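Student: I would like to understand how the words used for a structure follow from the values behind them. Could we go through some of them together?

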Amino acid sequence: DNTIIPPPGLFCYRIDKSHVLVGGALTDGGSIVEWARDFLSLTSDESFARCMEEVSHLYSKEQEEAEADIRNGKTQSSILPMITVVPFLSGERS
């Protein structure tokens, strides 16, 4: 019997007659939010909401200033880098 049983929590796809793909998916995007809340000591929903509002305000202000610089002739490379979100902070899903 050539039955393949993947380990618990993983999936198994048949690729062709003699090959299978075993893998797993991470769907723990909420973990990064919990990590940030703990790291920044944002224990209450209210403190987390205030923090997110402030971040949104600062990001909008930074973006408006960068757009004004572009309109005034500054090149994109001379403007301070904008906030960049890097994917896969806590795993990935494909």
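Tutor: Let us begin with V20, bearing in mind that this is a predicted model. V20 has a relative accessibility of 30%, and its place is in strand β2, which covers residues 19-23.

Student: Why is V20 called partly exposed?

Tutor: Buried means under 20% relative accessible area and exposed means over 50%, with partly exposed in between; V20, at 30%, lies between these limits and therefore counts as partly exposed. V20 also helps to make a nonpolar surface patch of about 200 Å², together with L10 and V22.

Student: How do you know that β1 and β2 pair, and in which sense?

Tutor: Two strands pair if at least two bridges are found between them; strand β1, residues 11-16, and β2 have five bridges, so they count as paired, and the sense is antiparallel. A hairpin of two residues joins β1 to β2, and D16 stands opposite H19 in β2.

Student: What makes the phi of S41 worth pointing out?

Tutor: Most residues other than glycine have a negative phi. S41 is not a glycine, yet its phi is positive, at about 55°. S41 has its place in the loop between α1 (29-39) and α2 (45-71).

Student: Why is S41 called exposed?

Tutor: The relative accessible area of S41 is 55%, and exposed means over 50%, so S41 counts as exposed.

Student: What pattern does the protein chain follow along the sequence?

Tutor: The protein chain has two helices and two strands, and read along the sequence it follows the pattern β-β-α-α.

Notes:
Residues numbered from 1 in each chain as written. Predicted model: local features only at pLDDT ≥ 70, side-chain atom pairs only at ≥ 80, totals over all residues. Heavy atoms only, no water. Patch = residues over 30% accessible without salt bridge, like charges linked within 9 Å, V, L, I, M, F, W, Y side chains within 5 Å. Areas by Shrake-Rupley, 256 points an atom, 1.4 Å probe, with all protein chains shown as cover. Salt bridge = Lys/Arg side-chain N within 4 Å of Asp/Glu carboxyl O. Helix = DSSP H or I, 4+ residues; strand = E, 2+ residues; numbered from the N terminus. Buried < 20%, exposed > 50% of the residue type's maximum accessible area, 1.4 Å probe, protein only.
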